[in-house]
Amino acid sequence: MTGPAVSHKRRGPLRGASLPKWFPLAVVAGSLSVAVGIGLAAGLDSKVQWGLIAAVLAVLSTYAIAARVEGRRQAKDRIATSLVWVSFLVAVVPLASLVRATVERGTKVLDGYFLSHSMAGVADSRPGGGIYHALLGTLEQVGLATLIAVPVGVLTAIYLVEYGRGRLAKAVTFFVDVMTGIPSIVAGLFVLSFWILILKMGYSGFAGSLALAILMMPVVVRSTEEMLKLVPNELREASLALGVPQWRTILKVVLPTSLGGIVTGVMLAVARITGETAPVLLLVWGTNFINSDPFSDPQASLPLYIYQQYANSSGYGAAYDRAWAAALTLIAFVMILNLVARGIARWKAPKTGR
């Protein structure tokens with residue numbers, strides 16, 4: 001006895017049509033060609049305008065072709081990817097252009113002599129001189145600001161995460177958020193009115209460090225707070241279950257676990273204050289001579305040096321070249337700090353295994 005015959009119908013493919021892997025590159029190349037043609041025909045001389053036209057054409061072409069071949073759902077995914085890439089290029093191109101211009105103009109006078117000499121006895125319109133006094137001032141001012149801001153910021157973050165409850169913690173959090181958005185000139189004016197006008201302490205590198213510390217504290221608090229929150233509560237509970245006091249748990253368990261992230265946040269905060277000019281202009285005052293004592297008399301710094309050299313250059317001459325060389329040095333200094341922060345974060349990151 002045979003069962004009923006079963007009809008086998010041919011099923012369609014499980015996957016629909018898809019575009020080749022080289023499709024995005026082809027769309028970009030075609031959009032660039034069309035954008036160049038449109039720019040030349042319309043008399044647009046700016047390559048930035050050509051790039052914007054090409055970006056719009058690439059996004060629209062990607063959606064139109066993908067919707068026809070792969071369907072609207074896949075087309076939406078491709079257009080989202082295209083928008084991410086366009087946004088990335090819009091952010092990177094100005095940065096790359098800035099770095100290129102700084103390198104091209106800053107390497108004219110950047111050498112060992114420039115890094116090891118000051119501007120003592122050198123007129124702004126004459127060649128020669130260097131940034132040794134400004135580099136020394138920046139290192140001392142940023143170092144003092146770090147010594148002031150890091151302990152206060154880390155202890156504040158520990159309080160907010162480990163102890164903070166009630167109105168006081170909310171008030172501290174609120175004022176930290178407010179301090180994050182304070183303009184640098186406001187911090188400089190506060191220190192100027194209190195430290196110099198009221199206490200009569202005079203202009204010095206330490207006065208600038210106080211303003212830089214005010215700008216640095218909220219960054220340290222926020223970054224440290226987020227790192228402490230990432231520590232699993234199980235580690236705290238295990239330590240407390242063994243009878244270890246809370247302060248010792250924080251010191252021996254919580255802080256070592258989050259040390260890599262805390263150091264990274266501190267280094268980024270240092271990089272954030274290194275280029276501040278307004279507080280230094282108000283409080284440090286600047287000088288062409290080497291002053292290794294940050295607690296007395298005016299002192300130079302790299303941001304102030306760049307401002308003064310460019311202001312006295314009228315857009316050309318030796319002072320103009322020195323300003324660009326100092327800017328390149330400042331960018332290299334900040335870049336080194338960021339690389340050090342990433343290296344420490346990777347070194348101190350928790351070891352993971354299978």
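**Aromatic pairs, nonpolar cores and helix packing**

Phe190 and Phe194 lie four residues apart in helix α7 (residues 184-198) and are therefore separated by about one helical turn; helices (H or I, at least four residues) and strands (E, at least two) are DSSP runs, numbered from the N terminus. The model is predicted, so that local features need pLDDT of at least 70 and side-chain atom pairs count only at pLDDT 80 or more, whereas totals for chains, interfaces and linings use all residues. Residues are numbered from 1 along each chain as its sequence is written, and side-chain values use heavy atoms, with hydrogens and water left out.

A search of the whole structure yielded eight aromatic pairs. Rings of Phe, Tyr and Trp (its six-membered ring) pair if their centres lie within 6.5 Å; planes under 30 degrees apart count as stacked, over 60 as edge-to-face and the rest as tilted. Phe190 and Phe194 form a stacked pair, with 6.4 Å centre to centre and 5 degrees between the planes. Phe190, at a relative accessible area of 48%, is partly exposed, and Phe194 is partly exposed at 42% (buried means under 20% relative accessible area, exposed over 50%, partly exposed in between; 1.4 Å probe, protein chains only). In Tyr320 and Trp324, the ring centres are 6.3 Å apart and the planes stand at 75 degrees, so this pair is edge-to-face. Tyr320 and Trp324 are four residues apart in helix α14 (residues 318-348), about one helical turn. Tyr320 is buried at 17% relative accessibility, and Trp324 is buried at 17%. Trp195, Phe206 and Phe295 form one aromatic cluster.

The largest nonpolar core (buried Ala, Val, Leu, Ile, Met, Phe, Trp, Tyr and Cys residues joined through side-chain atoms within 4.5 Å) has 39 residues, and those with the most contacts inside it are Met216, Leu228, Val266, Ile273 and Leu283. Two or more residues each are given to this core by α5 (132-163), α7, α8 (205-229), α10 (246-257), α11 (259-274) and α14. The largest share, ten residues, comes from α8. Apart from this core lies another, of twelve residues, including Phe114 and Leu330.

Helices α5 and α10 pack at an angle of about 110 degrees with their axes 12 Å apart; axes are lines fitted to C-alpha atoms, for helices over the stretch in contact, and angles run from 0 to 180 degrees between N-to-C directions. The contact (heavy atoms within 4.5 Å) is made by Ile158, Glu162 and Tyr163 of α5 and Gln246, Trp247, Ile250, Val254 and Leu255 of α10.
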